[in-house]
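Trainee: Got a minute to go over this model with me? I'd like to talk about charged pairs and one loop residue.

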Amino acid sequence: METLITILAGVLVTAATYLILSKSLIRVILGTAILSHAAHLLIITMGGLKNGSVPIIGEVDANPVDALPQALILTSIVISFAVTAVSLVLAYRTYQETGTDKLDQLRGDRNE
């Protein structure tokens, strides 16, 4: 199961790289969002699936589950959602001002 998730993370990284290298601003933003999802999958896969109990102070258990990967993923999801939302708002505002989302046309004049 872990190898399947690792392969899926690799496919997501490949698709994200393709989108980031495109000339459309929306595709670049979607590529960064997909890349963050690939990182989430990779972190959760590295954390592994362990059978055990919840680590509560005062209870003695020989095999408690580490909650750090899940906490990192939750924090990363919130941050990536906020970055994607701000990027989409900036892209929309750029489209309103310039009338295009092509990165080649957003560079400006050649004489600048």
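Mentor: Sure, let's start with the ground rules and then take the pairs and the loop in turn. This is a predicted model, where local features need pLDDT of at least 70, side-chain atom pairs count only at pLDDT 80 or more, and totals for chains, interfaces and linings use all residues. Residues are numbered from 1 along each chain as its sequence is written, and side-chain values use heavy atoms, with hydrogens and water left out.

Trainee: How many salt bridges does the structure hold?

Mentor: There are 2, a salt bridge being a side-chain nitrogen of Lys or Arg within 4 Å of a carboxyl oxygen of Asp or Glu.

Trainee: What does Asp104 pair with?

Mentor: Its partner is Lys23, at 3.4 Å, N to O. That pair links distant parts of the chain, 81 residues apart: Asp104 sits in the segment after helix H3 (68-98), Lys23 in the loop between H1 and H2. Helices here are DSSP runs (H or I, at least four residues), numbered from the N terminus.

Trainee: Is Lys23 buried or exposed?

Mentor: Exposed, because its relative accessibility is 54%; the cut-offs are buried under 20% relative accessible area, exposed over 50%, partly exposed in between (1.4 Å probe, protein chains only). Asp104 is partly exposed, at 40%.

Trainee: And which residue does Glu97 bridge to?

Mentor: Arg93, with the closest N and O atoms 3.0 Å apart. They're 4 residues apart in helix H3, so about one helical turn separates them.

Trainee: Switching topic: where does Ser24 lie?

Mentor: In the loop between helix H1 (2-20) and helix H2 (25-47). Ser24 counts as buried because its relative accessibility is 10%.

Trainee: What is Ser24 in contact with, leaving aside neighbours within four places in sequence?

Mentor: Asp101 and Lys102, where contact means heavy atoms within 4.5 Å.

Notes
Helix = DSSP H or I, 4+ residues; strand = E, 2+ residues; numbered from the N terminus.
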